[in-house]
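Please read this report with the sequence and the structure side by side. It goes through sheets, helix packing, pockets and some backbone details.

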Amino acid sequence: MQTGTPSIRGAVAGLTRTVMCAAFVALATAATAQNYPSGPVKLIVPLPGGGVTDVMARIVGQRLQEMWGQSVVIENRPGGNTGVGAQAVERSPADGFTLLVAPDSTFTANSALSSKLIYDPDNFTPISVLCRGTPVLIVNPALPVKNVAELVAYAKANPGKLSYGSFGIGTYAHLSMEELKQRTGIEIQHVPYRGAAPGLNGLLGNEVSVMLLNLSSVEEHAKAGKARIIAAANEKRIAALPDLPTIAETIPGFNTSVWFGLWDPPKMPPELLAKIYADVSKALDLPETKKFFQTNTLERVDLSPQDFGKLIQGDLKHWSALINAVGAKID
């Protein structure tokens, strides 16, 4: 004997098919995550080779290749202020076989710097922070200053005569120096270079007097007396240089940071996200990786994908406000 009207029986049958289909998809996704990766994985770096982003991709890629038993290929796709590489990943399937290794600015500063982005920063799945840099404030030794207070005093006594270098408009080396100018009322001219290395050469050659740069890039030059480190730019003192004061100790509230992360295209299945995150975490905690961090004064940042997303939103708010205040644009 049949019960219920045809419409009710149809609705029940449809609901049953939907539930069964969802269960099948969930099982298939779990199986895919468990067997991941079943082939080569590509890490796209939206910058030229040789920089911290590229080096981190190669360090992590090598560790993952050893763990997975599958090839991990690093592909550099510079251009468009990291937009070319980001767009390539955005258009890829969310299957974990094409991932993006990029600096924070790709997802924080760029949207405020340009109204013509070729990718949508919100259209990605955050996976993991790979490391955080250790920016320091450095000066050419010819400049008669040994700390932030002396730099501010000298700049005020010589308005418009000092210049600072950066590795491009919109980089932390540019925006954070503009924030320092706003907080202190000093005038220092901006000289953008095509990369961190040319910018450092400009400071060593006394083309510019001041610069913000990662500690590992300038440490040997400082030891040789070719550059002078006067302050740490992070909110806390650097463990390797405990006697070096922070900029915030002289200018309360000042803080800059730079970090590098790993992203997937949008709508990555949660099981696959968890699998990749766990494997990357293992790679970052290996003794070889820790040694690399120590040698290059980089910091391990252990955040879940959800907390990584919160970090992005917090930094987006910070950099956007600063960019709007400075009026910086790259269009």
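The sections below describe a predicted model, one part at a time.

## The sheet that contains S1

One open sheet is made of five strands, in the order S2-S1-S3-S10-S4, and its pairing is mixed. At the edges stand S2 and strand S4 (125-132). Each of these two has a single partner strand, so one side of each is left without a neighbour in the sheet. From one strand to the next, the twist averages 25 degrees.

Inside this sheet, S1 and strand S3 (residues 98-103) run parallel and are joined by three bridges. Leu43 stands opposite Leu99 in S3. Two helices pack on the sheet. H3 touches S1, S3 and strand S10 (259-264), and its direction makes about 150 degrees with that of S3. H9 touches S3, S4 and S10, and its direction makes about 10 degrees with that of S4.

## The sheet that contains S5

Another open sheet has five strands in the order S7-S6-S8-S5-S9, again with mixed pairing. Its edges are strand S7 (188-192) and strand S9 (228-232). Each edge strand has a single partner strand, so one side of each lacks a neighbour in the sheet. The twist here averages 30 degrees from one strand to the next.

Strand S6 (residues 162-166) and strand S8 (residues 210-214) run parallel, with two bridges between them. In one pairing, Gly165 has Met211 of S8 as its bridge partner. Helix H8 (residues 215-223) packs on this sheet and touches strand S5 (135-139), S8 and S9. The direction of H8 makes about 115 degrees with that of S8.

## Two packed helices

Two packed helices are described by the angle between their axes and the distance between the axes. For helix H2 (residues 52-68) and helix H9 (residues 270-284), the angle is about 110 degrees and the axes are 9 Å apart. Angles of 65 to 115 degrees count as roughly perpendicular, and H2 and H9 are therefore roughly perpendicular to each other.

Which residues of H2 and H9 make the contact? On the H2 side they are Met56, Val60, Arg63, Leu64, Met67 and Trp68. On the H9 side they are Asp279, Val280, Lys282, Ala283 and Leu284. Sorted by class, the contact of H2 with H9 has eight nonpolar residues, three charged ones and no polar ones.

## The largest pocket

Rolling a probe the size of a water molecule over the atoms shows where empty space is left. The largest pocket in this model has a volume of about 1100 Å³. It is lined by 45 residues, and the closest to its centre are Leu47, Thr53, Phe167, Gly195 and Ala196.

Several elements give two or more residues to this lining: H2, helix H4 (110-113), helix H6 (172-184), S8 and H8. The largest share, three residues, comes from H2. The lining of the largest pocket divides into 22 nonpolar, 21 polar and two charged residues.

## The second largest pocket

How many residues line the second largest pocket? There are 25, and the closest to the centre of this pocket are Arg132, Gly133, Thr134, Asn234 and Glu299. The volume of the second largest pocket is about 570 Å³.

Helix H10 (287-295) and helix H11 (305-326) are the elements that give two or more residues to the lining of the second largest pocket. H11 gives the largest share, four residues. By class, this lining has seven nonpolar, 11 polar and seven charged residues.

## Backbone details in two loops

Where does Pro37 lie? Pro37 is in the loop between helix H1 (6-35) and strand S1 (41-45). The peptide bond that leads from Tyr36 to Pro37 is cis, and its omega is near -10 degrees.

Thr82 is in the loop between strand S2 (72-76) and helix H3 (83-90). Although Thr82 is not a glycine, it has a positive phi of about 75 degrees.

How values were computed: Residues are numbered from 1 along each chain as its sequence is written. This is a predicted model: local features need pLDDT of at least 70, side-chain atom pairs count only at pLDDT 80 or more; totals for chains, interfaces and linings use all residues. Side-chain values use heavy atoms; hydrogens and water are left out. Axes are lines fitted to C-alpha atoms, for helices over the stretch in contact, and angles run from 0 to 180 degrees between N-to-C directions. Angles under 35 degrees count as roughly parallel, over 145 as roughly antiparallel, 65 to 115 as roughly perpendicular and the rest as oblique. Contact means heavy atoms within 4.5 Å. Ala, Val, Leu, Ile, Met, Phe, Trp, Tyr, Cys and Pro count as nonpolar, Asp, Glu, Lys and Arg as charged, and the others, Gly among them, as polar. Two strands pair if DSSP finds at least two bridges between them. On a 1 Å grid over the protein atoms alone, a cavity is a set of points where a 1.4 Å probe fits but cannot get out, and a pocket is an open set with protein on both sides within 12 Å along at least five of seven lines; lining residues have an atom within 4 Å of a point. Grid points are joined across faces, edges and corners, and a volume is the space filled by probe spheres set on the points.
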